[in-house]
Amino acid sequence: MGIKPTVGLTSRDLVIPISEHQDTVGPMARTVKDAATILQAIAGIDPNDNYTSAIPHDGKLPDYAAACNASALRGARLGIARSSITLMADKTTMPETDAFETAVKIMRQAGATVVDNTNFPAAEAQLSSSAEITVLNGDFIVDLARYLAALTVNPNKVYTLSDVRNFTRSFPGEDYPERDTGVWDVALDVQRYNNTDPRFWAAYQQDLYFGGEGGLLGTLEKYNLDAVILPTSFASSWAAIVGAPIVTVPLGFYPNNATVYKTRVFGLIDTAPHVP
């Protein structure tokens, strides 16, 4: 399982970034309690990451591992953003949504109050918006350059995303074009502006609405929820755009009769029987 903490709870110093507004460092472990123990160790204020200065109570942290107990869901209010599942579901996701419904029953049995149809008002608009990728691209151009400038040794003299792209395309070990630079090409050749541009700011304001009043944070407040629960494949963007946290836990494995789906590139197995 994994925990993606609130942006600013853990330092990103010396981490190769994509977006300072969305990306963070979190633990992956066998159990929630193991991950909570790791989070306890890595969270806290770091003068090398200004975002961590916003941790409340002068950086004093709660005991995350102590919160992991058998009665922790008793009295919790959990919402299901049902329309987000409907909007994003396809023929590959049915085993996951079936496992999710089983998990919801277990949460109820554990004492949680599950409130269905606590939907995000702007869900459909967000799914058709390019704001999230605009923010990612704009941040990446600046944040990668900042990271590269901090290196004490830079033997290939790469200082910008453009430099990294040129190196990737020219160095045989990078296996270009089979492993292409398409995502970087969009940032450099299609978008062509970074996070200092007014167009970036407009996209970021859209994200704040989609994740705030129109999305996750607004839904938590409106329905007085402790959390929103969704199948993992449906969950990430709703929280990421406002730097909100996510906890992801296993829901078992794809069943014996699951259809095999492969990735478009390299034909790797994406879903199949017994895949988690």
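## Exercises on rings, turns and buried spots

Phenylalanine 167 is partly exposed, with a relative accessible area of 24% (under 20% is buried, over 50% is exposed, and partly exposed lies in between, using a 1.4 Å probe and protein chains only). Keep that residue in mind; it comes back in Exercise 2.

This is a predicted model, so local features need pLDDT of at least 70 and side-chain atom pairs count only at pLDDT 80 or more, while totals for chains, interfaces and linings use all residues. Residues are numbered from 1 along each chain as its sequence is written, and side-chain values use heavy atoms, with hydrogens and water left out.

**Exercise 1. Find the backbone oddities: a cis peptide bond and some positive phi values.**

Step 1: Start with the usual picture. Most residues other than glycine have a negative phi, and most peptide bonds are trans.

Step 2: Go to tyrosine 176 and proline 177, which are joined by a cis peptide bond with omega at about 10°. Proline 177 belongs to the loop between helix 6 (161-170) and helix 7 (182-191). Here, helices (H or I, at least four residues) and strands (E, at least two) are DSSP runs, numbered from the N terminus.

Step 3: Now look at aspartate 58, which isn't a glycine but has a positive phi of about 55°. You'll find aspartate 58 in the loop between helix 1 (32-42) and strand 2 (77-80), and it is exposed, at 79% relative accessible area.

Step 4: Lysine 157 also has a positive phi, near 50°. Its loop runs between helix 5 (131-149) and helix 6, and lysine 157 is exposed, with a relative accessible area of 56%.

Step 5: Finish at arginine 192, which follows helix 7 and has a positive phi near 65°.

**Exercise 2. Work through the aromatic pairs and say how the rings sit.**

Step 1: The whole structure holds 5 aromatic pairs. Rings of Phe, Tyr and Trp (its six-membered ring) pair if their centres lie within 6.5 Å; planes under 30 degrees apart are stacked, over 60 edge-to-face, and the rest tilted.

Step 2: Take phenylalanine 120 and tryptophan 238. Their ring centres are 5.2 Å apart and the planes meet at 50°, so this pair is tilted. Phenylalanine 120 is in the loop between strand 3 (113-115) and helix 4 (123-127), and tryptophan 238 is in helix 10 (residues 236-240), so the pair ties together parts 118 residues apart in sequence. Both phenylalanine 120 and tryptophan 238 are buried.

Step 3: Back to phenylalanine 167, which pairs with phenylalanine 171: 5.1 Å centre to centre, 15° between the planes, hence stacked. Phenylalanine 171 is partly exposed, at 41% relative accessibility.

Step 4: Look for a cluster, too. Phe200, Trp201 and Tyr204 are linked by ring pairs.

**Exercise 3. Describe the surroundings of proline 17 and helix 7.**

Step 1: Locate proline 17 in the loop between strand 1 (2-4) and helix 1. With 17% relative accessibility, proline 17 counts as buried.

Step 2: List its contacts (heavy atoms within 4.5 Å). Leaving out residues up to four places away in sequence, proline 17 touches Asp23, Phe140, Asp143, Leu144 and Tyr147.

Step 3: Compare sequence with space. Proline 17 and threonine 152 are 135 residues apart in sequence, and 17 Å apart from C-alpha to C-alpha.

Step 4: Turn to helix 7, where Asp185, Ala187 and Gln191 are buried. The buried residues of helix 7 pack against helix 5 and helix 6.
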